[in-house]
Amino acid sequence: MPNLKPNIISPTLWQRIFLLSFFVFILGNSCGYSQHIYELDPHNNTHRLDSYVEIFIDSGYAYSFEEISSPEFQSNFKPNIKDGLTFGYMRPPIWLKLSIQKTSQAQWLLEIPAPFLEGVDFYQMHDSLFQHFETGYYKPHHTRGFPHTGYAFELLFSETEATTVIIKITGFSPKTFPVFVIEKEHFIERLRLEDFGYGLFFGVLLVMLLYNLFLYFTLRHLDYFLYACTIICTIAIFAAATGYGGKFIWPNHPWVNFYAGRISLPVQVAILSFFTLRFLETKKYSRIIYYTLLSLIPMAGIVIVLMLTGVFLSAGNNLLSVALVVYLLSGIVCRINGNKTANFYIAAWGMYLTGGLLLTLRNSGFFEFNFWTTHFVEIGAAAETTIIALALGARYRKYKEEKEEVQLLALKLQQETTELLEIKVKDRTEQLSRANEELSATLETNRLQTEVIERKNAELDDFFYRVSHDLRGPISSLLAMSFLANKEVNDPVALEYLDRQKQQAERLNGIINALISLTKLSHSEVKNEPIDFEKMVHECIQSFRGHANFNTITFKKNIQQHIQYESSWVFVNAIIQNLIENAIKYCGRSEPFVEINIKKELDIVIIEISDNGQGIPDDLQSKIFDMFFRASKSGGGSGLGLYILKRSVDRLKGKVTIKSELGKGSTFIVKLPLVIK
Ligand code: ADP
């Protein structure tokens, strides 16, 4: 509960005399310093007493209440000759004096409906004591005589006496106000009505604020946010100016009035200027307006500094007045130059400006204090906020429509694309499933073929193993016999016959040995042994030392150092052994030459063995890996060497290719993967 207890001042002797003089006056005697006593007609619940107020302006800031209230001073009070109390921005203390007499039991209040008056000192003589309320715009709300946005003090009457009140008004704010004496019940009723009206006003502003915030969060467009900020400023300004902020929101923090009511003004000008130049697209429609609006922003900054430092406290009001004119002009110029949205702007600011103008003229004393001069600015503010919010809403609808159009177009495009995609996917899927079917059929065939081949190979290997073992003994005997026969026979024909038979037996022996090594290979497991190519090649070459033309052959080795390769020694050796053997066997007659190149490239080991022999005709190249294939039937070859090589390469998951040119030589290229997958 606010503390409504007034300060009690004991009257001085002179004041007692002054009090006595009222008695004298009331008793019908004329008295030099008494003023006219206003009798409150009980049939009228509101009395406007501006013209009954006596005034003293303390231009020299010289007098205290004691002096002012002394009987001899009373002649300094002068009756108000004007209609209202219009002092404008007058600085010196203004003393008002009023004597009132009631004629009924009703309770009465004295009201000054001007919330922004900075200093209001209310003195009333009652029971030989002065009651004093020291209150004002920057004083806590409970210092007022009655909880009200303006200033209201309960009048205390004794049965027979009139009451006299003295009011001191001080401060920098505009001092144009009426003085009412209102019947208490009626006053409370009026307050309810007023609260309802202002509730409606702040309600409209709040709805518009929420509406703009909603639009901002929906569209993420800066304009809506800026406008929401200006509405916040409007709410703050009016909350402070109407006194509702002080009454309901910050009753114990009157300094908020300063920030909400004064500093909000330049802040709002800065935001509104920025908003206007965006909203009206002023850069497009008028460069002058654009730069004028732009210049208002730093000006607002300067005004804030001037106000905070106390150098020029009403700078905010002046800036807002100028800015309002600029906004209205901006609307007009942009409309003339073709911006249709400016219509909203002209209407909105026209209303606000009219209200602002009325208020300013009222504050300056040109206009009287009445409903329109007081409240038109609020109506204007609510209208302005609503009109611009609606304009922004219209823009939102336009955005929405455009967005929906684009979305529709995108949807159509998407549908078309999807349909096209579906057809393509269907086509591709069909193609793919056909290819898959073919592939799986091929794979199945391949798998079956591989199985058959492997089974056949295994059967063949098994067969060879048995045959070669069975034949080994008789062939050895045959060779031994032909050796012995050669020693015993002298007939040249018989000798030639024996020689041919020996060659046949030797070839047969070669085949048997080859078959044995083949069966050995096919029974071998693939292992991971480190392969030393240098050593392997050297040993292979050396194993052919007994070959007829071995000594005439030039061997050129080019083996990359430190090849890290692990594999089965038997398979790699079979590959290198067979290739070197063939290169030796089939190399050139003159300047025979065999070249061995081994290197690693990425994850592959490449073995290249070349000779400068007769070469292999193209049509035979595909056949030479077949079992028992020999290009020439002469000579003692088995036709198994390259077959064994191919089987070994396959076991190591490698590849073998041939580059050969007739009369120039052949190169066998074997590529073995480092890792067998
Ligand atoms: P062979 O024991 O007959 O050499 P291979 O399977 O090793 O059996 O070779 C098959 C045939 O391929 C050979 O008879 C030969 O005609 C041909 N051939 C193999 N290597 C070479 C080579 N380096 N130059 C020319 N022909 C070759």
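Strands β4 (residues 54-57) and β5 (residues 78-79) run antiparallel and are joined by two bridges. The model is predicted. Two topics follow: the pairing of β4 and the surroundings of the ligand.

**Strand pairing around β4**
- I55 has its bridge partner in β5, namely K78.
- β4 also pairs with strand β7 (residues 94-102). These two strands run antiparallel and share four bridges.
- On the β7 side, F56 is bridged to W95.

**Where the ligand sits**
- The ligand takes up the space of the second largest pocket.
- Its shell counts 18 residues. Y586, D611, A631, S638 and L642 come nearest.
- By class, eight shell residues are nonpolar, seven are polar and three are charged.

**Which elements build the shell**
- Three elements each give at least two residues to the shell: α14 (569-586), α16 (641-651) and β21 (665-673).
- α14 makes the largest contribution, with three residues.

**Polar atoms facing the ligand**
- K585 places a polar side-chain atom 2.9 Å from a ligand oxygen.
- The side chain of D611 has an N or O atom 2.9 Å from a nitrogen atom of the ligand.
- L642 uses its backbone: a polar atom there is 2.9 Å from an oxygen atom of the ligand.
- On its own, the ligand has 520 Å² of accessible area, and the protein covers 97% of that.

Technical notes:
Residues numbered from 1 in each chain as written. Predicted model: local features only at pLDDT ≥ 70, side-chain atom pairs only at ≥ 80, totals over all residues. Heavy atoms only, no water. Near = heavy atom within 4 Å. Polar contact = N/O pair within 3.5 Å; in protein donor to acceptor, adjacent residues only side chain to side chain. Areas by Shrake-Rupley, 256 points an atom, 1.4 Å probe, with all protein chains shown as cover. 1 Å grid on protein atoms, 1.4 Å probe; cavity = no way out; pocket = protein on both sides within 12 Å on 5 of 7 lines; lining within 4 Å. Sits in = over half its atoms within 2 Å of the grid points. Nonpolar A, V, L, I, M, F, W, Y, C, P; charged D, E, K, R; others polar. Pairing = 2+ DSSP bridges.
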